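Here's a quick walk through a model. Have the viewer open and follow along.

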Amino acid sequence: MMSCQKSLLAFACLVLLQATGVRANEGDVLNLSATLSSMHDDNLFRLAPSVDPKSVGLDGKSDTITTMALGLNFNKLFGLQRLIANVSLVDNRYKTNDYLDFQALNYDAKWLWAVGTRWTGELAVDRNESLNSFSDYRNFRVRNVRTIENERFSANYWFHSNWAAVVGVSRYSLTNEQPFLADSDYDANGYNYGLRYRPLSGNTVTVRAKHLDGTYSKRQFNSTLQFDNGFVQDSYELDADWRLTGKSQVRGRLEYLARKHDHFADRDYDGWVGNLDFAYAATAKGSLNLGYKRGLETFQQLTSSYYVLDELTLATKWAATNTLTATARLGYGLRSYKGEIVALPAGTEQREDKFTRVGFDLAYLPVRWVELKAGVAYENRNVNYDSLDYKDRIGFVSASAQY
């Protein structure tokens, strides 16, 4: 492990040093990238202000995480076919809590295929590894890395210059390194079909029906706690990507979904979900993004089966010069937990989380292929159960290069 970490560090440093002498051009088929970053988190385990870290077996609340990443990016057009692939090896090391150290292999590959002018589509795979956030996972002394893998295929048949029939199949897998009953491991296979409208402007509107069959892969069936071994989810979706003017664009999705479990109807849920994002480029140097998201997310405990998420975000970017860019972000969200399996004590309200996020960062390009970045972020979660409240501040610096 140490040998691999040292090799990765040495290679990342070599890329950063050599990048000043080798250019990354927009037309390059193959690019190599490297990033070194250091982040200080003053409440890594998302502990409430009243909690003494030693009382839960911890030496302290804060830690500094050093991340080294190497990436390989491929983008090539072969006639009507385009191949895109991004692969990265990421090493995460914690200064104090080194039992959390882990290496991740992440990738995202796509074949954007076409047969003549009538048939187009996508064949894609992606994989992402990350540490489960301690805002939900509360076993502080055990590392729990989450791996998400996607495989999907889609086809569009353009029976008219503006209209296409769409169909697709997919496979999704979620795997936790350690048991995490609230959001357990599962595999799901699905299919979808619908209709897409694309006028000459390039805007798109798609209506689609989707079906998903899921199986919980590492959790034993439990009739007492109502932990099921499978589910079926059906949904109907309207998706739009529409440029309003030369400076503004709207992306939105409205979906009605219903999830039914194989044996325990008390775990079922249904409702409207979606997102709406508005992007406005006021000038060549400034942009504004406003977003709203609503979701229904599984969170299976005795006191809940899922939660309803409502979240507002606001982000603005300003290019002060050709080499200096500032970005600011605001976010406010509400999680309302539903579907309790056992009756709550009289006078006890169902759990509700309110969270606020603020972030700011600066990016500087001394040369076009090297980026230096620094930023800060703040998050506050207020829960109607005081033991789950927390405040967290993060600061980071990073250097990345591509050639």
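We'll look at a pocket, then a surface patch, then two loop residues.

This is a predicted model, so to speak of local features takes pLDDT of at least 70, side-chain atom pairs count only at pLDDT 80 or more, and totals for chains, interfaces and linings use all residues. Residues are numbered from 1 along each chain as its sequence is written, and side-chain values use heavy atoms, with hydrogens and water left out.

Start with the second largest pocket, at about 290 Å³ (a volume is the space filled by probe spheres set on the grid points, which are joined across faces, edges and corners). A pocket here is an open set of points on a 1 Å grid over the protein atoms alone, where a 1.4 Å probe fits, with protein on both sides within 12 Å along at least five of seven lines; lining residues have an atom within 4 Å of a point. The lining has 18 residues, with M39, L44, Y94, F102 and L131 nearest the centre.

Now the outside: V115, W119, Y157 and V207 are among the residues making a nonpolar surface patch of about 1000 Å². Patch members have over 30% relative accessible area and no salt bridge (a side-chain nitrogen of Lys or Arg within 4 Å of a carboxyl oxygen of Asp or Glu), and nonpolar side chains (Val, Leu, Ile, Met, Phe, Trp, Tyr) are joined within 5 Å, like charges within 9 Å. Areas come from the Shrake-Rupley method with a 1.4 Å probe; for residues, only the protein chains shown count as cover.

Finally, R46 has a positive phi of about 50° without being a glycine, and Q226, also not a glycine, has a positive phi near 55°.
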